[in-house]
Amino acid sequence: MRSRRRKPEKAAAAPRRSGPPNSLFGEILDWMLAPLLFLWPISIIVTHNVADNIANQPYDLALADSVRALSRLVTLADGQIVVHFPAPPRALFRADQDDVLYFQVADEQGVTITGDPEIPRPQGVVGPVGEEVLFRDEIIHGEETRVAYRLLRPGGGDESPLVLVQVAETRNKRSDLASRVVTGVLLPQFAIIPLAVVLVWVGLSRGIAPLNRLQSLIRRRRPTDLSPVAPASVPEEVRPLIIAFNDMMARLEENLQAQQRFIADAAHQMRTPLTGLKMQTDLALHETDPEQLRQSLAHIAESTDRAAHLINQLLSLARAEASFEKLYAVEPVDLGAVVREVALELFPRAQAKNIDLGAEGSEAALLVEGNAVLLRELVKNLVDNAVKYTPRGGHVTLRTRFAGSPILEIEDTGPGIPDADRERVFERFYRVLGSGVDGSGLGLPIVREIAELHRATVTLDANPAGQGTLARVVFPRTHLQAPPAVQGDVYPLG
């Protein structure tokens, strides 16, 4: 037995990612309620700021009037700033029962002429001289205070000294008014938001009611009912899903029909070796000649081997038709190692027919992503088919190589396959007429079934070296393999 190797290939694996499915009802409800709950605190902040502005406006007007009234009392007499109060100042500016009012008249150096010195002087640019009243917020005696102020020249000329007039008021009435505004706005929201949640819940429940009816319709079906669901009976958004579901049901029905045909064909194929086995057994029971008895036993053993081979192939086909990603591990598999194992296993059969069985491959792993058990079955069926059809003294070569993607080739010097039969040989239980080879007709269908599970393609061509067949399996290119290096020398496998 011979084999060739090449230098190593690089391999890397990437993790699979998966995630659990989400509830459509929950997703829609989350996307509707989450923004609402997020915007609600923002609306509270905005409402509070608006309420503060609303509360400031009337009280600022009153403060501005107080500043203008106090400004009219400021005069200039003999170069001195004088304030003439018609009544006691405390009676004018401290008559409010909710808030404390302060007033101050100061010169341009900040010296208080009259009033409350605790009112701080404005920082930076004070403002223009004239009738305009400005406002600012201050802290007086630890309380938030609103201050209105203006600059004036009592003498009227540019040489007249500047006078700063200020009136301040604590913010109790303002805060109370702003609180009443915020409360009046937010209290209805406490009732509206739960009501909105309930209405959204009811609306979504009614919106997905057609899906619930569709679920009930599918649940009431009998297990054998694979008829399509009418797309017109479901909402427009669900129609693509129903169309895909109907397509899946159609494919499932085709698979079930194919399985029924396969069971019938398998029963027919099993009947042939069992009938022969029964006939040979009956003959052996009535045979008295030792030589004829030995021949009958040999025929019984041959029929038993055929039946066992057929049963093994049926089991292999059943494994290939199963959901192999669910039942079998999908992992990087060394295609070259699988080929060498199969070649060693079938070497005695090839040697019995004086067939030169050889393997050519890479020293390093030529990786494909799949299941090692099924890939081994694929290679074994190809080699078994080649050894079976190759006459005594022929050649069978197993080859793995990389040409843009991993490739497996089985080359034999058998009688070859007619062009008209190269596609039909993949049908179950089909045999090439006139081949003179006794087979079950399941080897190549198993190969194609496993190849399709691994997204690979299988072709049967004439051997370019002359008589025979070249079977080629081309696997999809993935991240697992890199092009191999220079081919090495021939070496023995054992």
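Helices here are DSSP runs of H or I with at least four residues, and strands are E runs of at least two, both numbered from the N terminus. I am working from a predicted model.

Entry 1, whole chain. I counted elements under that definition and got 10 helices and 16 strands. I then looked up burial: of the 494 residues in the chain, 36% are buried. For the accessible surface I noted about 28,300 Å². Carbon and sulfur atoms hold 58% of that surface.

Entry 2, contacts. I took the contacts with a separation of 6 or more and asked what share joins residues 24 or more positions apart. That share is 66%.

Entry 3, strand E7. I picked E7, residues 143–152, and checked its cover. Of its 10 residues, 8 are buried, and I logged the strand as mostly covered.

Entry 4, E6 with E7. I looked up the pairing of E7 with strand E6, residues 134–140, and found it antiparallel, with 7 bridges. One bridge that I traced joins isoleucine 140 to glutamate 143 in E7. The two strands form a hairpin, and I find 2 residues between them. In the turn I checked histidine 141, whose phi is positive at about 55 degrees.

Entry 5, E7 with E8. Which sense does the pairing of E7 with strand E8, residues 163–170, take? I read it as antiparallel, over 8 bridges. As one example I noted valine 147, whose bridge partner in E8 is alanine 168.

Entry 6, recap. E7 pairs with E6 and also with E8, and I have both pairings down as antiparallel.

Notes. Residues numbered from 1 in each chain as written. Predicted model: local features only at pLDDT ≥ 70, side-chain atom pairs only at ≥ 80, totals over all residues. Heavy atoms only, no water. Buried < 20%, exposed > 50% of the residue type's maximum accessible area, 1.4 Å probe, protein only. Contact = heavy atoms within 4.5 Å. Areas by Shrake-Rupley, 256 points an atom, 1.4 Å probe, with all protein chains shown as cover. Pairing = 2+ DSSP bridges.
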